[in-house]
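Biologist: Here is the model I wanted to go through. Could you take my questions as they come?

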Amino acid sequence: MKEFLLGIDIGTSSCKTIVIDTDGKVVDSARYEYSIACPQYGWAEQNPEDWYQAFRHGLREICAKHPEIPKRISAIGVTGQMIGLTLLDKAGQVIRPAIIWMDQRCLPQVDYLKAHLKRQSRGLL
């Protein structure tokens, strides 16, 4: 009985879901987009629930066309967007939108550190 491999990529603009067989042949794939919120200039946030729902929709779409897949998945690979911050409460519930890699709200602190460390390093040389 043929087995399948499930790939999930939670990217910056969409979730891509793919199923391949163990010979490396693509069986099917799906892609669902979500938005990036910019509540202030330089901010970039996303709702983690959007990531989850995009994955669910993609997997359901694939499984609806290929009902043999769900019981024969032998491995799952997951990738995600670069550095980000998703804050959870004690119960594991999301407490605010995730701050994603393209957020720039810390630029004033970065500029301060660069200037401060540059001054210190000159004193050490």
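Biologist: Is S29 buried or exposed?

Modeller: S29 is partly exposed, at 38% relative accessibility; buried means under 20% relative accessible area, exposed over 50%, and partly exposed in between, with a 1.4 Å probe and protein chains only. This is a predicted model, where local features need pLDDT of at least 70, side-chain atom pairs count only at pLDDT 80 or more, and totals for chains, interfaces and linings use all residues. Residues are numbered from 1 along each chain as its sequence is written, and side-chain values use heavy atoms, with hydrogens and water left out.

Biologist: Which element is S29 found in?

Modeller: Strand β3, residues 26-33. Helices (H or I, at least four residues) and strands (E, at least two) are DSSP runs, numbered from the N terminus.

Biologist: And what is S29 in contact with?

Modeller: Leaving aside neighbours within four places in sequence, S29 touches T17, I18, E61 and I62, contact being heavy atoms within 4.5 Å.

Biologist: Now α1. Which residues of α1 are buried?

Modeller: P48, W51, A54, F55, G58, L59, I62 and C63. Seen down the axis of α1, they fall within an arc of 155 degrees, so they line one face of the helix; the arc is that of the directions from the helix axis to the C-beta atoms.

Biologist: What is on the face turned away from the buried side?

Modeller: The exposed residues R60 and A64.

Biologist: How many disulfides?

Modeller: Zero, a disulfide being a pair of cysteine sulfur atoms within 2.5 Å. The sulfur of C15 is 13 Å from the closest cysteine sulfur, in C63, which is too far for a bond.
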